[in-house]
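Here are my notes on this one, written as numbered points. Have the viewer open while you read, and shout if anything looks off.

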Amino acid sequence: MKVRHILSHCVVAILAVALTLFFAVPPFSLFSVSQQDPGIVKLQELKGIIDANFVDEYDEKTMYDLAASAMVDSLGNRWSSYIPAEEYVTLTDQRKNVYVGIGVTISPREDGYIDILVVEPGGPAQEAGIQPGDVLVGVEGNDVATLTIDQVGDLIRGERNTQVQVQLRRGEETLNLSVYRKEIPTPVAVGTMLEGNVGLVQIANFDSRCASETMAEVKSLLEQGATALIFDVRYNLGGYVDEMVEILDQLLPEGPLVHYVDYAGRKSMDTSDKDFLDIPMAVLVNQDSYSAAELFAAVLQEYDAAVVVGQHTVGKGYFQYTYQLSDGSAVLLSAGRYATSKDVNLDGVGIAPDAEVVVDEELYWQIYGGFVPLQEDPQVQAALEALNEKK
């Protein structure tokens with residue numbers, strides 16, 4: 001079975017779109033801990049005292065979750081974390097670049113109801129008869145106007161192959177529909193042609209399908225006449241290193257790509273073959289370009305194959321394995337270190353852009369939300385200028 005290193009940043013407490021799950025196959029199975037271990041004995045004694053003497057009731061699962069989290073936190077490694085069981089399935093779906101839902105894009109209205117903006121072709125919403133322009137007024141018997149949009153989203157999401165009841169308004173007509181929740185793929189890479197025959201590829205993460213989708217977008221842009229490329233890995237929290245390596249292999253000439261040293265001191269290296277893409281390139285980064293995204297930019301910079309534009313990255317030099325525990329929870333554990341093609345570990349150092357373009361906090365999050373047109377994005381425009389100088 002292939003082992004996949006995880007190069008990603010984790011903020012397990014927040015279940016947001018930007019949050020990534022960490023999933024990898026460890027190189028060995030977890031072993032049982034002797035019950036005579038002094039630390040285990042101590043915890044058993046404490047649990048016995050609580051059970052015998054604590055005046056109130058308590059949630060045993062919460063106790064064990066917090067204890068497990070504290071054990072991992074005590075390592076002092078910001079890239080290692082404990083993942084509760086109830087979050088693990090959702091995070092696994094995110095790692096696969098899928099979500100379980102009905103396949104619609106929604107927007108809140110002033111009257112408290114919700115507009116259906118987009119219905120995914122071939123998705124469960126379309127199969128059930130939902131159309132763009134419909135207004136969502138009820139879900140699971142609840143009046144949408146009395147709920148927040150997050151509460152509506154929580155009601156719509158659920159386990160795959162289960163049904164959700166929705167009420168829609170279409171003109172003067174009211175529709176009551178049952179919609180199956182299914183696994184919906186989310187796009188990983190999106191290509192756009194910019195001025196001057198420059199292609200822009202925005203890479204959301206380096207999780208499943210990243211390499212195939214990224215190179216498909218590159219091929220499409222080249223066929224449209226692109227003579228230079230910009231890769232946007234801003235706000236990209238990383239992902240599988242083999243997805244990143246597959247892309248770099250097609251962009252760079254023969255040579256080393258990534259160096260690794262694992263927990264046992266074993267060294268390994270990924271390399272590129274002699275086939276490469278010989279056109280001007282740039283990479284956009286910021287302080288939320290983590291792990292595989294940061295390494296992607298660093299290696300292209302070291303080969304002098306791309307100019308790096310944006311803001312200084314944070315610096316991460318550890319890869320992780322995910323070990324699933326018996327109750328469905330998991331621990332994401334730093335199990336080794338990685339370094340760039342020139343064997344430079346980025347931990348705590350990061351990479352400095354060739355062209356630094358700092359934006360204020362308000363603009364930073366507007367760009368993240370997609371509210372800034374590309375022609376008004378100062379970092380995109382700086383990349384275009386840098387490429388024009390290289391042509």
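1. A word on terms before helix 8: buried means under 20% relative accessible area, exposed over 50%, and partly exposed in between, using a 1.4 Å probe and protein chains only. Helices (H or I, at least four residues) and strands (E, at least two) are DSSP runs, numbered from the N terminus. This is a predicted model, where local features need pLDDT of at least 70, side-chain atom pairs count only at pLDDT 80 or more, and totals for chains, interfaces and linings use all residues. Residues are numbered from 1 along each chain as its sequence is written, and side-chain values use heavy atoms, with hydrogens and water left out.

2. Helix 8 is mostly covered, with ten of its eleven residues buried. The buried set is Ala 292, Ala 293, Glu 294, Leu 295, Phe 296, Ala 297, Ala 298, Val 299, Leu 300 and Glu 302. Note that two glutamates, Glu 294 and Glu 302, are in there. After the helix comes Asp 304, with a positive phi near 55°.

3. Just ahead of that helix, have a look at Ser 289, in the loop between strand 17 (281-285) and helix 8 (292-302). Ser 289 counts as buried because its relative accessibility is 0%. What does the side chain of Ser 289 reach at 2.8 Å? The backbone oxygen of Val 233. A polar atom of the Ser 289 side chain also lies 3.0 Å from the backbone nitrogen of Asn 286. For reference, a polar contact is a pair of N or O atoms within 3.5 Å; within protein, one must be able to donate a hydrogen and the other to accept it, and residues adjacent in sequence count only if both atoms are side-chain atoms.

4. Contact here means heavy atoms within 4.5 Å. Not counting residues up to four places away in sequence, Ser 289 touches Val 233, Arg 234, Tyr 235, Asn 236, Leu 284, Glu 294 and Thr 313. Glu 294, one of those partners, is also among the buried residues of helix 8.

5. On to the open sheet: six strands in the order 11-12-13-17-18-21, with mixed pairing. Its edges are strand 11 (189-194) and strand 21 (355-356), each of which pairs on one side only. Two strands pair if DSSP finds at least two bridges between them. At one edge, strand 18 (residues 306-310) and strand 21 run parallel and are joined by two bridges. In that region Val 309 stands opposite Ala 355 of strand 21.

6. At the other edge, strand 11 pairs with strand 12 (residues 198-203) in the antiparallel sense over six bridges. Leu 194 stands opposite Val 198 in strand 12. Their hairpin has three residues between the strands, and Gly 196 takes a positive phi near 70° there. Asn 197 sits in the loop between strand 11 and strand 12 too, and its phi is near 60°, positive in a residue other than glycine. With a relative accessible area of 41%, Asn 197 is partly exposed.

7. Another non-glycine to check is Asp 343, with a positive phi of about 60°. Asp 343 belongs to the loop between strand 20 (330-339) and strand 21. Is Asp 343 buried or exposed? Exposed, at a relative accessible area of 51%.

8. There is also a hairpin of strand 8 and strand 9, with two residues between the strands and a positive phi near 65° at Gly 171. Strand 8 (residues 163-170) and strand 9 (residues 173-180) pair in the antiparallel sense over eight bridges. Arg 169 has Thr 174 in strand 9 as its bridge partner.

9. Asp 262 lies in strand 15 (residues 255-262) and is buried, with a relative accessible area of 15%. Its side chain makes a polar contact of 2.8 Å with the side chain of Arg 266. Leaving aside neighbours within four places in sequence, Asp 262 is in contact with Phe 319, Ala 335 and Gly 336.

10. Finally, Pro 84 is in the loop between strand 2 (81-83) and helix 3 (85-95). Pro 84 is buried, with a relative accessible area of 14%.
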